[in-house]
Amino acid sequence: MPGTRFSDIRRLESVDSTNRYLLDEARAGADDGVVAVADHQSAGRGRLGRRWEAPAGSNLLMSVLLRPDLPPDHRYLAAAVVALAATDAVDVALGLELGIKWPNDLLALDGRKVAGVLAEADVATAAGGSDGRGSAIVVGIGINVNWPGADADLPPDLVGLATSLRQQLGRRVDRTEVLEALLEALGPRVGDLSTAAGRIRQVDGLRARCTTIGTRVRVELADGRFEGTACAVTPEGHLVVETGGARRTVVAGDVVHVRPPGQGDRPIGAGADPE
Ligand code: BTN
C-alpha cells in the first residue's frame with residue numbers, strides 16, 4: 001500500500017507458511033513493514049504447534065514483519081495490534097463485529113472462531129540487530145474469509161467451533177478488501193507501540209474488545225491448568241485471572257471460555273486447525 005509503512009507486499013501463490021517465509025526474510029535483513037500474503041499454505045502454522053489449514057484461494061493468510069521499539073515485557077502487544085486491526089477491518093469494510101478471545105483469537109458474536117494470530121520472534125535478532133534496528137517479530141493471521149462456506153465443509157471436530165466471514169454475512173467476501181482495510185488500520189496501531197501513551201491506547205482498545213474479561217476460563221499452561229474468572233488485562237496486555245481468592249497473571253498460555261454451569265464445558269474458539 002503506497003504511502004503507508006506496508007509498501008512491500010509479497011503476493012505468493014503457494015508457500016509452506018507466510019510466517020516461515022518472513023522469518024527467513026528478517027534474518028536476511030528485511031525491513032519493518034514487509035507483508036507476505038499467500039493463496040495457499042502447505043504447512044500453515046497455528047499456535048501451540050497446531051497446523052492451520054484452508055483450501056487454496058479461500059481465506060486471508062498473511063504475515064507482517066515488524067521491528068517495533070517495544071520494551072521486552074510488552075512484546076505480546078505486537079500480536080494484539082494485528083488482532084485489533086483485523087477487528088477494525090471487518091467492522092469498517094463489512095459492518096461485522098468481532099470480539100477478541102485472549103490472547104488473540106477473533107470470535108464471531110456466536111462464540112465461533114473466525115481468525116487466529118500467531119506471533120513468532122526471530123531468535124537470532126531477539127536482542128535487536130547490530131545495525132540498531134529493532135528485533136524482528138513476525139505476526140501472522142489467518143482469517144476465515146470464504147471457508148467454511150457451510151458447517152458441512154468443516155471436519156466434524158470443528159463444527160460449532162469455527163466459522164467464516166462468509167457464513168456470518170451470508171455472502172462471499174473479497175479477500176483483498178479485508179487485506180487492505182487491515183493494513184490501513186494496522187499502520188497507526190503499530191506506530192503506537194513506540195510510545196508509552198500509544199501502548200496505553202492499544203491496551204485500552206484490547207480491553208474494550210476482549211470478550212474474555214468477565215468470563216469463566218480454564219487456563220492451560222505449559223506445566224498445568226487452572227480455572228477462574230478473567231478479570232483484567234495488565235498494561236503489558238497480559239490476562240489477570242481470579243482463582244480461589246487470589247489473582248494470577250497469565251503471560252503465555254491458552255484460554256478456554258468455559259460455559260456457565262449446566263451448559264457443559266465445551267471450549268470455543270479452537271479455530272480451523274484440524275490436527
Ligand atoms: C492460531 O492457532 O489460532 C493461529 C493461526 C495463525 C495462522 C496464520 S495463517 C498466516 C500465518 N502463517 C502461518 O503459518 N500461520 C499464520
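What span should the 19 residues of α2 have, and how far apart are its end C-alpha atoms? At 1.5 Å a residue, the expected span of α2 is 27 Å, and the end C-alpha atoms are 27 Å apart, so the two values agree. I should say at once that what we are looking at is a predicted model, and I will begin with this helix before turning to its surroundings.

Helix α2 covers residues 76-94, and after it comes G95, which has a positive phi, near 70°. Of the 19 residues in α2, 16 are buried, which means that the helix is largely enclosed by the rest of the structure. Part of that surrounding is a sheet, for α2 lies across β3, β4, β5, β6 and β7, and it runs at about 30° to β7.

Let me now describe the sheet itself, which is open and has seven strands in the order β1-β2-β3-β7-β6-β5-β4, with mixed pairing. The edges are formed by β1, residues 9-15, and β4, residues 99-101, and because each of these has a single partner strand, one side of each is left without a neighbour in the sheet. On average, neighbouring strands are turned by 20° against each other, if direction is ignored. The partner of β4 in this order is β5, residues 105-107, and the two run antiparallel, joined by three bridges, with I100 having L106 in β5 as its bridge partner.

A second helix, α1, made of residues 18-27, also lies across strands of this sheet, namely β1, β2, β3, β6 and β7, and its direction is at about 20° to β3.

Turning to the interior, we can ask which residues have the most contacts inside the largest nonpolar core. They are I143, L165 and L186, in a core of 61 residues, and the largest share of this core, 14 residues, comes from α2. If we leave aside neighbours within four places in sequence, L186 is in contact with F6, V64, V81, V82 and A85. Apart from this core lies another one, of 13 residues, which includes L12, A26, A30 and L65.

Finally, I would like to point out one residue in a loop, T215, which is found between α5, residues 196-209, and β8, residues 216-221. Is T215 buried or exposed? Its relative accessibility is 17%, and because the cut-off for buried is under 20%, T215 counts as buried. Not counting residues up to four places away in sequence, T215 touches G228, T229, A230 and H257.

Terms used: Residues are numbered from 1 along each chain as its sequence is written. This is a predicted model: local features need pLDDT of at least 70, side-chain atom pairs count only at pLDDT 80 or more; totals for chains, interfaces and linings use all residues. Side-chain values use heavy atoms; hydrogens and water are left out. Two strands pair if DSSP finds at least two bridges between them. Helices (H or I, at least four residues) and strands (E, at least two) are DSSP runs, numbered from the N terminus. Axes are lines fitted to C-alpha atoms, for helices over the stretch in contact, and angles run from 0 to 180 degrees between N-to-C directions. Contact means heavy atoms within 4.5 Å. The expected span of a helix is 1.5 Å times one less than its number of residues. Buried means under 20% relative accessible area, exposed over 50%, partly exposed in between (1.4 Å probe, protein chains only). A nonpolar core is a set of buried Ala, Val, Leu, Ile, Met, Phe, Trp, Tyr and Cys residues joined through side-chain atoms within 4.5 Å.
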